[in-house]
Amino acid sequence: MRAEGNIPTSPQIAQTSLCGDGDEDEMKVHRVYALVVRHLYLYRRSLPRIMEIFYWPFLDLVIWGFITIYLMKFQEQIPGVVTFFLGALILWDVLFRAQQGVTIAFLEEIWARNLMNLFASPLKPGEFLAATMIMSTVKVLAVSIVMVACAGLFYSYNIFVIGVWLIPFVLNLVLTGWIIGVLTTALIMRFGQEAEVLAWSMVFLFQPISCVFYPMEVLPGWLQAIAWVNPAAHVFEGMRGVLTAAPEPMAHLGWATGLNLLFLGTVVALFHWMFEFCRERGLLVRIGE
């Protein structure tokens, strides 16, 4: 007959094996060092992690630096700073949510491990994109209602002071958001989990040249040339023109619409090409694994 008095129970065994006893409970520098080195190695070939260190602080500096220059140069000519900034913030969020609606819909299928089930069905890539764009529109409407209501409630700000121009401005920003969203989705599909961070960061790559909070003339000459081919920059330039009673922003709206249609067609074609590339090489199976 065995004596059972000193036999440890299963929970005690598990706790001992995980936490140790005696000297094993003390913090060891070499174990801390090993874990730190393990995480540092992740930065060697990870562009998203490197961006986290270098790009985002640089982005903040650039954006707020241009805002500061704008306020210093044109403070006497700005009729209402709140009107500019709150309006720009609301319109920027339209673009951001439009992009997120497309990209997050794709990521949710990856996280649920449902991507292969979808594309094993008769679903076509174009149909998938159409569904994500509809979801994007729904999110834009919901978030915009909340932001407009809160801006009116807390700051007595009325976004509708922009007038009927608000409609083409918003439509163009939604198109720009779709362009960035489809591009991001194609990159995630091609490069897998490593590129998932682009779902939240890609849109901000375009923010400095979108002239959200400052006019295009604040930018250096070489950067103005790049901003000129960004549809969002023309939308925000047009918004500032309306608020300052400048001539009707038909030129900016024309540029924004033309560029949006060109880029949207390009990124949709890129998505289809990338889908076929990944399908032929079996990369779709490995996404999210």
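**View 1. Helix H7 passes helix H11 in a left-handed crossing.** This and the other views come from a predicted model. H7 covers residues 166–191 and H11 covers residues 250–280. Their axes come within 9 Å of each other and cross at roughly 20°. Because angles under 35 degrees count as roughly parallel, H7 and H11 are described as roughly parallel to each other. The residues of the contact of H7 with H11 divide into 21 nonpolar, five polar and one charged.

**View 2. The crossing of helices H6 and H11 is right-handed.** Two packed helices are described by the angle between their axes and the distance between the axes. For H6 and H11, the axes come within 10 Å and the crossing angle is roughly 130°. That angle makes H6 oblique to H11. H11 therefore appears in two of these views: roughly parallel to H7, and oblique to H6.

**View 3. Helix H6 runs over residues 125–155.** With 31 residues at 1.5 Å a residue, H6 should span 45 Å. The C-alpha atoms at the ends of H6 are 43 Å apart, which agrees with that expected span. The buried residues of H6 are Pro125, Phe128, Leu129, Thr132, Met133, Ser136, Val140, Ser144 and Ala151. Cys150, by contrast, has a relative accessibility of 32% and so counts as partly exposed, since buried means under 20% and exposed over 50%.

**View 4. Ser156 comes just after H6.** The backbone of Ser156 takes a positive phi of about 55°. The helix that precedes Ser156, H6, consists of residues 125–155.

**View 5. Cys211 lies in the loop between helices H8 and H9.** H8 consists of residues 198–205, and H9 of residues 221–227. Cys211 has a relative accessibility of 0% and therefore counts as buried. Although Cys211 is not a glycine, its phi is positive, at about 55°.

**View 6. Cys150 and Cys211 are shown for their accessibility.** A disulfide is a covalent bond between the sulfur atoms of two cysteines. The structure holds zero disulfides. Cys150 is partly exposed, at 32% relative accessibility, whereas Cys211 is buried, at 0%.

Technical notes:
Residues are numbered from 1 along each chain as its sequence is written. This is a predicted model: local features need pLDDT of at least 70, side-chain atom pairs count only at pLDDT 80 or more; totals for chains, interfaces and linings use all residues. Side-chain values use heavy atoms; hydrogens and water are left out. Helices (H or I, at least four residues) and strands (E, at least two) are DSSP runs, numbered from the N terminus. The expected span of a helix is 1.5 Å times one less than its number of residues. Buried means under 20% relative accessible area, exposed over 50%, partly exposed in between (1.4 Å probe, protein chains only). Axes are lines fitted to C-alpha atoms, for helices over the stretch in contact, and angles run from 0 to 180 degrees between N-to-C directions. Angles under 35 degrees count as roughly parallel, over 145 as roughly antiparallel, 65 to 115 as roughly perpendicular and the rest as oblique. A crossing is left-handed if the near helix is turned anticlockwise from the far one by less than a right angle, and right-handed if clockwise. Ala, Val, Leu, Ile, Met, Phe, Trp, Tyr, Cys and Pro count as nonpolar, Asp, Glu, Lys and Arg as charged, and the others, Gly among them, as polar. A disulfide is a pair of cysteine sulfur atoms within 2.5 Å.
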